[in-house]
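Good morning, and thank you for joining. I would like to take a few minutes to go through one structure with you, beginning in the sheet and ending at a single side chain.

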Amino acid sequence: MYPLTTLCPPGTLDDEGGIMKVSGNTILITGGTSGIGEELAKRFLTLGNTVIVTGRDAAKLDRLKKEQPALHTIQSDASDPTAIEALYETVTRRFPKLNVLINNAGIMRKINLQDNSGDLKDIGLEIETNLLGVIRMVKQFLPHLKQQSEAGIVNVTSGLAFSPFPISPVYSASKAGLHSFTQSLRVQLKNTRIKVFELAPPAVETPLANAFDASDTKGGPPMMKVDKLVDHAIKGIRRDQLQIMPGFSRVLNLLGRALPKLAVRMASAPVDAMLAQTKS
């Protein structure tokens, strides 16, 4: 058996010493043109930070820049390794004090794995953006972050990292993978000045939820307002809470460990309806 100190190394589950500041930072947020990313950008801006936002859609970036002139916007695709390399060169040249990376860009879809349409490249879209995109961003920006006197990485996972939503199997898998990666990253960086946070939102009222019908979420917990989610995020970072699980995410974490079959069964009703449509 592993000793308890090996199973739970200091700082991997609970708060660590030294408080992470939430002002005076230079922050890069991927996928910041809507939803959680946009709200994080606006909030950090009001707290006195320099905030850089990326996104794939130039029109959305232009809209955000007009609404928030103090924000810095850069068009970039978090799923494209070449774009990440170019982003690194641009950001580190223009913002050498960059010390916080928030990996927020994400895609979520309903997927019927028995549907013969689509191709093998498309089926991995969530993996490319939600998981590999984050891994590549971390790998690319890590040398720069290590040079800062204080730095942080915030990976946005999901409550579905702890127990899946079977109607979104690839998204759930990508977030479970990102949760695991974040834990490993935290341990590997334990001797650096970089703090590694995981923000695991529950269902939130954002455009990400637009892919789902009311019937898909019927009987589930109410969606959290995005501003409330960001309240939790800022509070958690300010307290050095390395794993931030607001609202129902904490319930999913507990259920996923204690009663995993029940947790999956509770989320399976939308799949039953989808399979019924497939047969008809």
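Let me begin with strand β4, residues 100–103, which runs parallel to β5 and is joined to it by four bridges. One residue pair can be picked out here: Asn-103 has Asn-155 of β5 as its bridge partner. I should say at once that this is a predicted model.

Now to the sheet as a whole. Seven strands make up an open sheet with parallel pairing, and their order is β3-β2-β1-β4-β5-β6-β7. Which strands stand at the edges? They are β3 (72–75) and β7 (243–244); each has a single partner strand, so one side of each is left without a neighbour in the sheet. As a general reminder, the strands of a sheet pair through backbone hydrogen bonds, in either a parallel or an antiparallel manner.

For the wider setting, the protein chain holds eleven helices along with seven strands. Its length is 280 residues, of which 48% count as buried. If we take the contacts between residues at least 6 apart in sequence, 70% of them join residues at least 24 apart.

I turn next to the cavities. Searching the whole structure gives three cavities of 30 Å³ or more, and the largest has a volume of about 60 Å³. Which strand gives the most to the lining of the largest cavity? That is β5, residues 151–156, with three residues. The lining includes Gly-152, Ile-153 and Val-154, and also Val-100. Among the other lining residues are Met-20, Lys-21, Val-22, Phe-44, Phe-197 and Ile-237. Sorted by class, the lining of this largest cavity comprises nine nonpolar, two polar and one charged residues.

Finally, I would draw your attention to Asn-130, which belongs to helix α5, residues 125–146. Is this residue buried or exposed? Its relative accessibility is 0%, and Asn-130 therefore counts as buried, the cut-off being under 20%. What does its side chain meet there? The side chains of Asn-130 and Ser-174 are joined by a polar contact of 3.1 Å. Beyond its neighbours within four places in sequence, Asn-130 is in contact with Ala-105, Gly-106 and Ile-107, and also with Tyr-171, Ser-174, Lys-175 and Leu-178.

To close, I would ask you to keep two places in view: the parallel pair β4 and β5, and the buried Asn-130 with its polar contact to Ser-174. Thank you.

How values were computed: Residues numbered from 1 in each chain as written. Predicted model: local features only at pLDDT ≥ 70, side-chain atom pairs only at ≥ 80, totals over all residues. Heavy atoms only, no water. Buried < 20%, exposed > 50% of the residue type's maximum accessible area, 1.4 Å probe, protein only. Polar contact = N/O pair within 3.5 Å; in protein donor to acceptor, adjacent residues only side chain to side chain. Contact = heavy atoms within 4.5 Å. 1 Å grid on protein atoms, 1.4 Å probe; cavity = no way out; pocket = protein on both sides within 12 Å on 5 of 7 lines; lining within 4 Å. Points joined across faces, edges and corners; volume = space filled by probe spheres on them. Nonpolar A, V, L, I, M, F, W, Y, C, P; charged D, E, K, R; others polar. Pairing = 2+ DSSP bridges.
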